[in-house]
Amino acid sequence: MKRMSPAAPHRPSTLPIINQRRLMRDLNAIGRIGIGNRGAVTRLVFSVKELRSRQVLIHLMRQAELKIHIDGIGNIFGRLDGSDPKAPAVLAGSHLDTVIHGGKYDGPVGVIGALEAIRTIRENRIATRSPLEVVCFVGEESSRFGFSTLGSSLVAGEVHPRDLANAVDAQGTKLADVLLSLGISPKRLRGLTRNPKSLKAYFELHIEQGPILEAIGKRIGLVTAIAAPSRFRIIFTGQADHSGTTPMEMRKDALVASAQLIEFIEKTCRKFSPMAKGRVVGTVGALKIEPGVINAVPGRAELSVDIRSTSAQSKARVSRMVTKQAQQIARKRAISVEVLTIREEDPVPLDKRLLRVTKEICDEKQVVYEIMPSGAGHDAMQMAKITPAAMIFIPSQRGISHNPLEWTDPDDIGLGTQLLMETMIRVANEQF
Ligand code: GLV
Ligand code: MN
Ligand code: MN
């Protein structure tokens, strides 16, 4: 790729300040949709609550007089034209769906932050050569189908029929059937792909979801790479039996087999925890047992396994070790096991030139930043496959995320949004 031209003369004082009150008002409005006990927010993809949050966003985009486009899966784009109608767009956004019992900032900060950046630009009549777009991607979270970054993967042309085979929700609804109901058949998975030529860059503002920024006292993180996950459904099938009459040595207990595997995953990932080996983290986040009653030996256990690393090699090694161990456990216990891959993705490096631009802007504004990888997955990891992509992190209090206690200081949300706006303006006006 061509290098970016030398930075245009920049006059920070001439750039407007985003409206933090309005930003927080809209973030809180979205945060109230799907709120339950103790402030827990649940907006699973394609649920009524998630659809409602998308409606509110459309309303806010209309108020901001953006040109709205909604694609076949429901990704929402709001566009502010630039001075050059042929120029590719600078896109920024994230997602509004959440995990079960999550917080109010994972996702919405990136969507409402981008909206705030663009409406500030519009109100202040700042001209940009490239058009600016805010995007809300559908289904970034994997909590429902085990399949993450659904909307951005479709936009990037990164969903393949094999990925859908094992993506099923807890009620047995297949993701492939949901897509079909929206007119997206396996043959049409590439029909939503956005032409890379229509894009100049993608930005995502996001809470860090980890403890590092807070621990080192920095308010901004600039992201180098994203640790993409590998995900599996592992199913042990033994035999459901009476808990009172079946002698211990005659049982085929699928849950005890799972317990052994869960411990193995923890121990193995701990061995990979020094950075030098390519840190790997592994989680069994969901476990379904059948028949699931107090007086029966569990005959079937299904585990959801998520393994991540910024090292593709270490991640693949751990995945192989887990598969082998599952087979060994099953053999020893004379039960059966199936290891179903939901999706295996490679870690994604982000764009170095965009990182340099965000660094320059931080330096000019004397904002202290940390250069860091992302342990969490993001829509940016799909968008990076079709356009230069960058991420700006802001601190998460005590590093807590995917939890109702998730919290970020509004001043940090404001600062991240201001940086996002200034970066978008610069990139929209410069040559690549
Ligand atoms: C998204 O939040 C993820 O699971 O990394
Ligand atoms: Mn998340
Ligand atoms: Mn997120």
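**Close-up 1. H402, a non-glycine residue with positive phi.** In this predicted model, H402 is partly exposed, because its relative accessibility is 41%, a value between the 20% and 50% cut-offs. Phi of H402 is about 55°, although the residue is not a glycine. H402 sits in the loop that runs between strand 15 (389-394) and helix 12.

**Close-up 2. E65, an exposed residue with positive phi.** Phi of E65 is near 60°, and E65 is not a glycine. The residue belongs to the loop between helix 2 (48-63) and strand 1 (67-70). E65 counts as exposed because its relative accessible area is 57%, over the 50% cut-off.

**Close-up 3. The cis peptide bond from E290 to P291.** Omega of this bond is near 0°. P291 is placed in the loop between strand 9 (280-290) and strand 10 (296-297).

**Close-up 4. Coordination of the manganese ion (ligand 3).** Three residues supply the donors: H95 through NE2, D106 through OD and H206 through NE2. The distances are 2.0 to 2.2 Å. Along the sequence, the donor residues follow the spacing H-x10-D-x99-H. D106 and H206 link distant parts of the chain, 100 residues apart. D106 lies in the loop between strand 3 (89-95) and helix 3 (108-123). H206 lies in strand 5 (residues 199-207).

**Close-up 5. D106 as a bridge between two manganese ions.** D106 bridges the manganese ion (ligand 3) and the manganese ion (ligand 2). The two ions lie 3.7 Å apart. D106 is buried, because its relative accessibility is 5%, under the 20% cut-off. H206 is also buried, because its relative accessibility is 1%.

**Close-up 6. The largest nonpolar core.** This core has 56 residues. L57, F203, I220, L420 and M424 touch the most other members. Helix 12 (residues 410-429) gives the most to this core, with nine residues. In soluble globular proteins, nonpolar side chains tend to be buried together.

**Close-up 7. The surroundings of M424.** Leaving out residues up to four places away in sequence, M424 touches V90, A92, A117, I118, L132, E133 and F203. F203 and M424 are both among the core residues that touch the most other members.

**Close-up 8. A second nonpolar core.** This core is separate and has 22 residues. L91, V135, A228 and M383 are among them.

Note on methods
Residues numbered from 1 in each chain as written. Chains lettered and ligands numbered in written order. Predicted model: local features only at pLDDT ≥ 70, side-chain atom pairs only at ≥ 80, totals over all residues. Heavy atoms only, no water. Donors = N, O, S within 2.8 Å, 3.2 Å for Na, K, Ca; no water. Helix = DSSP H or I, 4+ residues; strand = E, 2+ residues; numbered from the N terminus. Buried < 20%, exposed > 50% of the residue type's maximum accessible area, 1.4 Å probe, protein only. Core = buried A, V, L, I, M, F, W, Y, C linked by side-chain atoms within 4.5 Å. Contact = heavy atoms within 4.5 Å.
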